[in-house]
Amino acid sequence: RLESTLGSGDQRCARFYTLLGNIHFDMQDYKEAEELHQRAIDIYKVNPDPSNRPMQAVALCCLGNAQQRLKQLDKAAISYDEAERITRASKGVGSELWTGLAMGNRGLVMMEK
């Protein structure tokens, strides 16, 4: 397991899980994508370095996308809300983009309900 090599709180593991989750999402393996994105988020929560907050928001948006495809609409809405909250608090590059994506995706979830 990657975490045993790098350490359980290593942010590189979280980034790797997010990328791997995106690959599974693209292959329409939404359950595995959900699990991988959740693993990334769990790592970010263990080591809440402010510089990694934007990447945590990205992982949350990706998690919400997988949950939406799995018709877990309430969970997806929560993931998008948390991503929006993080991106609004972040002033980094791309934060406005991810805020907009989280809000737009949340709106799509509400339309599906």
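**Exercise 1.** Does Tyr-30 count as buried or exposed, and at what relative accessibility?

*Solution.* The model is a predicted one. Start with location: Tyr-30 belongs to helix α3, residues 30-46. Next, take the cut-off: buried means under 20% relative accessible area. Tyr-30 has 15% relative accessibility, so Tyr-30 counts as buried. Now list its contacts, leaving out residues up to four places away in sequence: Tyr-30 touches Phe-25, Ala-66, Arg-69 and Leu-70. Finally, a distance check. Asp-10 is 20 residues from Tyr-30 along the chain, and their C-alpha atoms are separated by 25 Å.

**Exercise 2.** Work out what span helix α5 should have, and compare it with the model.

*Solution.* Helix α5 covers residues 73-89, which is 17 residues. The expected span is 1.5 Å times one less than the number of residues. For α5 this gives 24 Å. The end C-alpha atoms of α5 are 24 Å apart, so the model agrees with the expectation.

Then look at burial. The buried residues of α5 are Leu-73, Ala-76, Ala-77, Ser-79, Tyr-80, Ala-83, Glu-84, Ile-86 and Thr-87. Their cover includes α4 (53-69) and α6 (95-112).

**Exercise 3.** Find the nonpolar cores and place Ala-83 among its contacts.

*Solution.* The largest nonpolar core has 16 residues. Tyr-17, Ala-40 and Ala-83 have the most contacts inside this core. Two or more residues come from each of α2 (11-26), α3, α4 and α5. Beyond its neighbours within four places in sequence, Ala-83 is in contact with Ala-57, Leu-60, Cys-61 and Ala-102. A second core, separate from the largest, has five residues. Among them are Leu-73, Ala-76, Ala-77 and Tyr-80.

Tyr-17 also has a charged partner. The charged end of Arg-39 sits over the Tyr-17 ring, 4.9 Å from the ring centre. For aromatic pairs, a search of the whole structure finds two.

**Exercise 4.** Decide how many disulfides the model contains, and explain the case of Cys-62.

*Solution.* A disulfide needs two cysteine sulfur atoms within 2.5 Å. By this rule there are zero disulfides. Cys-61 is in none: the nearest cysteine sulfur, in Cys-62, is 6.9 Å away. Seen from Cys-62, the closest cysteine sulfur is that of Cys-61, and 6.9 Å is too far for a bond. Check accessibility too. Cys-61 is buried at 2% relative accessible area. Cys-62 is buried at 11%.

**Exercise 5.** Describe the surroundings of Gln-68.

*Solution.* Gln-68 is placed in helix α4. Its relative accessible area is 13%, so Gln-68 is buried. Skip residues up to four places away in sequence. Gln-68 then touches Leu-73, Ala-76, Tyr-80, Asn-105, Leu-108, Val-109 and Glu-112. Of these contacts, Leu-73, Ala-76 and Tyr-80 are buried residues of α5.

**Exercise 6.** What sign does phi have at Gln-28 and at Lys-71, and where do these residues lie?

*Solution.* Begin with the background: most residues other than glycine have a negative phi. Gln-28 is not a glycine, yet its phi is positive, about 65 degrees. Gln-28 lies in the loop between α2 and α3. At 60% relative accessibility, Gln-28 counts as exposed.

Repeat for Lys-71. Its phi is also positive, about 65 degrees, and Lys-71 is not a glycine. Lys-71 lies in the loop between α4 and α5. Lys-71 is exposed, with a relative accessible area of 60%.

Methods. Residues numbered from 1 in each chain as written. Predicted model: local features only at pLDDT ≥ 70, side-chain atom pairs only at ≥ 80, totals over all residues. Heavy atoms only, no water. Helix = DSSP H or I, 4+ residues; strand = E, 2+ residues; numbered from the N terminus. Buried < 20%, exposed > 50% of the residue type's maximum accessible area, 1.4 Å probe, protein only. Contact = heavy atoms within 4.5 Å. Phe/Tyr/Trp six-rings, centres within 6.5 Å; stacked < 30°, edge-to-face > 60°. Lys NZ or Arg CZ within 6 Å of the ring centre and 35° of its normal. Core = buried A, V, L, I, M, F, W, Y, C linked by side-chain atoms within 4.5 Å.
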